[in-house]
Amino acid sequence: FIFTALLTFSCSSSDDNSKDTSNGDFHPPAWIQGVYKQEGSTATIGLGFKFSSGDFCVQLMGGTEQCQQGMISLIRQGGGTATVEESISDTTYSAKMNTPGGQSTTYSFKKLSNTEIEYIGVKFIKQ
């Protein structure tokens, strides 16, 4: 279910490419930076996230990692338009990626504690 939710796209008409991306498109706040694993899963299987100051990666089953800045950069290198809209607060981090064809994907995280975040109703524990 969570894997499907990660890959679900919704339509968007936003193609604003005026944002300065010289320092990258993603700016996760300090409180979320680190590696998180889905509650109840082991370190080698299950969904997880890795946040740094300039990117975040989705960690899928089997150790596959999909970093969002890399995806946006590949789209642009191929001549496509891609933008990122972020919303950052003391307790939430959200990134909406608008990609070619009017497609968009949004990731929204909520801080539950200094070691726990929530994504689409599922708790993730900082490793």
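## Strand β4 and its neighbours

Strand β4 is mostly covered, for five of its five residues are buried. In this predicted model, the side chains of the strand part in two directions: D55, C57 and Q59 point one way from β4, F56 and V58 point the other way, and all of them are buried.

Strand β4 has a partner in β3, to which it is joined by five bridges, with the two strands running antiparallel. Within this pairing F49 stands opposite V58 of β4, and the two strands make a hairpin that leaves two residues between them. Strand β4 also pairs with β5, again in the antiparallel sense, over three bridges. The hairpin of β4 and β5 has five residues between its strands, and in that turn G62 has a positive phi of about 85°.

## The disulfide

How many disulfides does the structure hold? There is one disulfide, and it is formed by C57 and C67, whose sulfur atoms lie 2.0 Å apart. A disulfide is a covalent bond between the sulfur atoms of two cysteines. The link of C57 and C67 is right-handed, with 95° about the S-S bond. Because C57 lies in strand β4 (residues 55–59) and C67 in strand β5 (residues 65–67), the pair ties together parts that are ten residues apart in sequence.

The two cysteines are also related through the pairing of their strands, since C57 stands opposite C67 in β5. Is each of them buried or partly exposed? C57 counts as buried, at 4% relative accessibility, whereas C67 is partly exposed, with a relative accessible area of 26%.

## The largest nonpolar core

The largest nonpolar core has 22 residues, and those that touch the most other members are F51, F56, Y93 and F109. At least two residues of this core are supplied by each of β3 (48–52), β4, β7 (92–99), β8 (103–113), β9 (116–119) and β10 (122–126). The largest share, three residues, comes from β7. One of the residues that touch the most other members, F56, is among those already described in β4, where F56 and V58 point one way and D55, C57 and Q59 the other.

## Strands β2, β9 and β10

Strand β10, one of the strands that supply this core with at least two residues, pairs with β2 and with β9. Strand β2 (residues 34–38) is joined to β10 by three bridges, and the two run antiparallel; here Y36 stands opposite K126 of β10.

Four bridges pair β9 with β10, also in the antiparallel sense, and the bridge partner of I117 in β10 is F124. The hairpin made by β9 and β10 has two residues between the strands, and in this hairpin I120 takes a positive phi near 40°.

## Helix α2

Which residues of helix α2 are buried? In this helix, which spans residues 68–77, the buried residues are Q68, Q69 and I72. Seen down the axis of α2, these buried residues fall within an arc of 100°, so they line one face of the helix. An α-helix has 3.6 residues a turn, so residues three or four places apart point the same way. On the other side of α2, L74 and Q77 are exposed.

What covers the buried residues of α2 includes β4, β5, β6 (83–88), β7 and β8, so that, by this listing, both strands that carry the disulfide cysteines are among the elements involved. The helix is followed by G79, whose phi is positive, near 90°.

## Two buried polar residues

Two residues with polar side-chain contacts remain to be described. N98 is found in strand β7 and is buried, with a relative accessible area of 2%. The side chain of N98 is joined to that of E85 by a polar contact of 2.8 Å.

D25 has its place in the loop between β1 (10–11) and β2. At 1% relative accessibility, D25 counts as buried, a level that falls under the 20% cut-off for that term. The side chain of D25 makes a polar contact with the side chain of R76, at 2.8 Å.

Terms used
Residues are numbered from 1 along each chain as its sequence is written. This is a predicted model: local features need pLDDT of at least 70, side-chain atom pairs count only at pLDDT 80 or more; totals for chains, interfaces and linings use all residues. Side-chain values use heavy atoms; hydrogens and water are left out. A disulfide is a pair of cysteine sulfur atoms within 2.5 Å. Buried means under 20% relative accessible area, exposed over 50%, partly exposed in between (1.4 Å probe, protein chains only). A nonpolar core is a set of buried Ala, Val, Leu, Ile, Met, Phe, Trp, Tyr and Cys residues joined through side-chain atoms within 4.5 Å. Two strands pair if DSSP finds at least two bridges between them. A polar contact is a pair of N or O atoms within 3.5 Å; within protein, one must be able to donate a hydrogen and the other to accept it, and residues adjacent in sequence count only if both atoms are side-chain atoms. The arc is that of the directions from the helix axis to the C-beta atoms. Contact means heavy atoms within 4.5 Å.
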